[in-house]
Amino acid sequence: MDFIQEGFAQAYALLVRLDPATYSAIGTTLRASSLAMAASLLLGIPLGYVLGYFDFLLKKQVRIIVDTLLSLPTVFIGLVIYALLTRHGPLGEAGLLFTIPGIAIGQAILSLPIVIALTATAVEASDRNLHITLMSLGANRKQIAVSTLWEVRLGILAAAVTATGRVLTEVGISLMVGGNIKWHTRTITTAIALETSKGEFGMGIALGLVLLLIALTVNISLAGLRRRI
Amino acid sequence: MELYHIQNVDHYYGTKQVLSIDDVSIPEAAIIGLIGPNGSGKSTLLKLMGFLEEPTYGSIFFKGRKTGPFSSDTRFKVTLLPQEPYLMQRTVFENVAYGLKIRSDLKRLKSRVEDAMLQVGLAPESFARRRWSALSGGEAQRVALAARLLLKPEVLLLDEPTANVDTDSARLIRKASLKARDEWGTTLVVATHDWQWLFETCDSVLHLLHGRLFKGGLGCAVYGPWKFGWEGFLQKELEDGQVLVAPSPEEGKQVAILDPSRLKIVLLSKSPLLKWKIGSLNGFVTRLFLESNGQTVQTAIKIAELVVTIRIQREQVELLKLYPGKEVGIQYEPKEIEWL
């Protein structure tokens, strides 16, 4: 049990002493996840609105596919992105393999179904009189979309929190697409995996606690945002 | 001038037909009452008139032009206040101002919003910054109405505006709506069961039964089951054992309509054999309402589970000595009963 206590002590030491390798991993984690979340929210919120608001042919089937994608294994996404970005792959010339944007692409694919599914659910659950009210006050289609999304903003915030949690804690994509290159693409989760494989449990726990601290900070910020809106 | 012309409209939700209107016109600046039992299609008709939905078949003309949802001809001119208005999750001020904001019409916004709030009896200093969740049902209804009045609409469609509110809110809603008609010539179409709206305020009343307009006024719908009676007539046994007789309907028609203009009120004492006689029913007066013309009285008579509302002359009320609770007889001609 000593290694757990040791982990807490090391986590404190890493953060307070501004350990460069730890802060590099934190920076990489935050950069990749921010890029991924920005992309998935920009794409996912409009797509979730379309899925939740409109009735169209094969809507149920699309919904089932999106819900199924919620269970995508990260190593599978990592494998597919690796295959696409590798030098001989169809997108190899972009030079994104073993880069932070490369990791972000994979993480965006991971978080996109979460944002779409939860936004669609929030829109579907909105009051049926909302549409009548907006239309009868003269809103056009774009204004209806914006106002509806604003009305379900807490649901969208929940989608963002859930997706952020998934992106921050995944390891398969970061490892396969990022390559776990120290100072470049090593994220907190890949560092934990590495330290644990080396038998450095204390260091692994320390990094895990750092990750939890980041998640806590993100959630406290979002909770503050929720109260304000 | 004709404002609305609804022509051959059939509207379906899935495979269920909810509305079938052959031809009806509504003039400008009129106040039209819309009455009918739950599920008769009132809200659907209002949604079609508000251009929130496209009729499945048929056309709705607005000022002579065929119009549909999001049309520039009507988007800023027609507004509907639903029975359960939705207030957006913002302050009262933001809710009322929404319509002007989406029009980018921000000139004197604050004072215009405050004027609209005052029009429905909401003091801006106490209500403007209040959140949507801190309002009573009547206050929420008035906020929703203020949001619409602020737009000075050409048509204001009200779906049961006073059904779920207190008396004071109902009075304020009615007053504010009438002011819109008087000041801006707004046409009002009001779905309501409130007799004060219907018989004191409205220029005319449309009666919807089973999704169809009944042109004979406030017809009373009689639903089955029906039994076969004498000479091909059908019989409906009412809850108190009295029997209503009607001719056989055309195929597909299921609801018999007692046309009040063809009913006659008689005193029981003068017709001792009236009870159980074909073409007559017994009931009692439940309500008398003097119409705005001061000459005619709407008289509601309850016959078992049915309520018929008959318009009679004021003198007739005095002659028959009618009062709520008085037992009376109703005479009808079975052959004249129509089917929907």
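Lys63(B) sits in the loop between S4 and strand S5 (65–66) of chain B. The model is a predicted one. In it, the phi of Lys63(B) is positive, about 50 degrees, although the residue is not a glycine. Lys63(B) is partly exposed, at 31% relative accessibility.

Chain A offers a similar case. Phe98(A) is a residue other than glycine with a positive phi, near 60 degrees. Its place is the loop between helix H4 (74–85) and helix H5 (100–124) of chain A. Phe98(A) counts as partly exposed, with a relative accessibility of 36%. As background, most residues other than glycine have a negative phi, and most peptide bonds are trans.

**The cis bond and Lys236(B)**

Gly224(B) and Pro225(B) are joined by a cis peptide bond, with omega at about 10 degrees. Pro225(B) belongs to the loop between strand S11 (220–222) and strand S12 (227–228) of chain B.

Which residues does Lys236(B) contact, leaving aside its neighbours within four places in sequence? Both partners of the cis bond, Gly224(B) and Pro225(B), are among them. Val222(B), Tyr223(B) and Trp226(B) are also in contact with Lys236(B). So are Gln242(B), Val243(B), Leu244(B) and Glu305(B). Lys236(B) itself lies in strand S13 (residues 234–237) of chain B. Its relative accessibility is 8%, under the 20% limit, so Lys236(B) counts as buried. The C-alpha atoms of Lys236(B) and Val222(B) are 8.4 Å apart, and 14 residues separate the two along the chain.

**Chain B overall**

Chain B has eight helices and 21 strands. Its C-alpha atoms fill a box of roughly 70 × 45 × 35 Å along the principal axes. Of its 340 residues, 54% count as buried. Take the contacts in chain B between residues at least 6 apart in sequence: 66% of them join residues at least 24 apart.

**Nonpolar cores**

In soluble globular proteins, nonpolar side chains tend to be buried together. Here the largest nonpolar core holds 84 residues. Which of its members touch the most others? They are Tyr4(B), Val96(B), Leu145(B) and Leu157(B). Leu145(B) touches Leu81(B), Val120(B), Leu156(B) and Leu158(B), residues up to four places away in sequence not being counted. It also touches Ile173(B), Ala176(B) and Ser177(B). A second, separate core has 31 residues, including Ala246(B), Leu267(B), Ile310(B) and Trp339(B).

**A helix crossing**

Helix H2 (residues 92–102) and helix H5 (residues 137–149) of chain B cross at roughly 35 degrees, and their axes come within 7 Å. The crossing of H2(B) and H5(B) is right-handed. On the H2(B) side the meeting residues are Val92(B), Asn95(B) and Val96(B). On the H5(B) side they are Val143(B), Ala146(B) and Ala147(B).

**Aromatic rings**

Over all chains, the structure holds 12 aromatic pairs. The ring planes of Tyr12(B) and Tyr57(B) stand at 90 degrees, over the 60 degree cut-off, so this pair is edge-to-face. Their ring centres are 6.0 Å apart. Tyr12(B) is in strand S1 (residues 2–13) of chain B and Tyr57(B) is in strand S4 (residues 57–62), so the pair ties together parts 45 residues apart in sequence. Tyr12(B) is partly exposed, with a relative accessible area of 30%.

Trp195(B) and Phe199(B) form another edge-to-face pair. Both lie in helix H7 (residues 195–201) of chain B, four residues apart, about one turn of the helix. Trp195(B) is buried, at 10% relative accessibility. Phe199(B) is buried too, at 5%.

The two pairs compare as follows.

| Ring pair | Centre to centre | Angle between planes |
|---|---|---|
| Tyr12(B) and Tyr57(B) | 6.0 Å | 90 degrees |
| Trp195(B) and Phe199(B) | 5.1 Å | 90 degrees |

In chain A, ring pairs link Tyr49(A), Tyr53(A) and Phe54(A) into a cluster.

Charges also sit over rings. Arg287(B) lies over the face of Trp195(B), at 4.5 Å from the ring centre. Arg130(B) lies over the face of Phe127(B), at 4.2 Å from the ring centre.

Notes: Residues numbered from 1 in each chain as written. Chains lettered and ligands numbered in written order. Predicted model: local features only at pLDDT ≥ 70, side-chain atom pairs only at ≥ 80, totals over all residues. Heavy atoms only, no water. Phe/Tyr/Trp six-rings, centres within 6.5 Å; stacked < 30°, edge-to-face > 60°. Helix = DSSP H or I, 4+ residues; strand = E, 2+ residues; numbered from the N terminus. Buried < 20%, exposed > 50% of the residue type's maximum accessible area, 1.4 Å probe, protein only. Lys NZ or Arg CZ within 6 Å of the ring centre and 35° of its normal. Core = buried A, V, L, I, M, F, W, Y, C linked by side-chain atoms within 4.5 Å. Contact = heavy atoms within 4.5 Å. Axes fitted to C-alpha atoms, helices over the stretch in contact; angles between N-to-C directions. Left-handed = near helix turned anticlockwise from the far one by under 90°.
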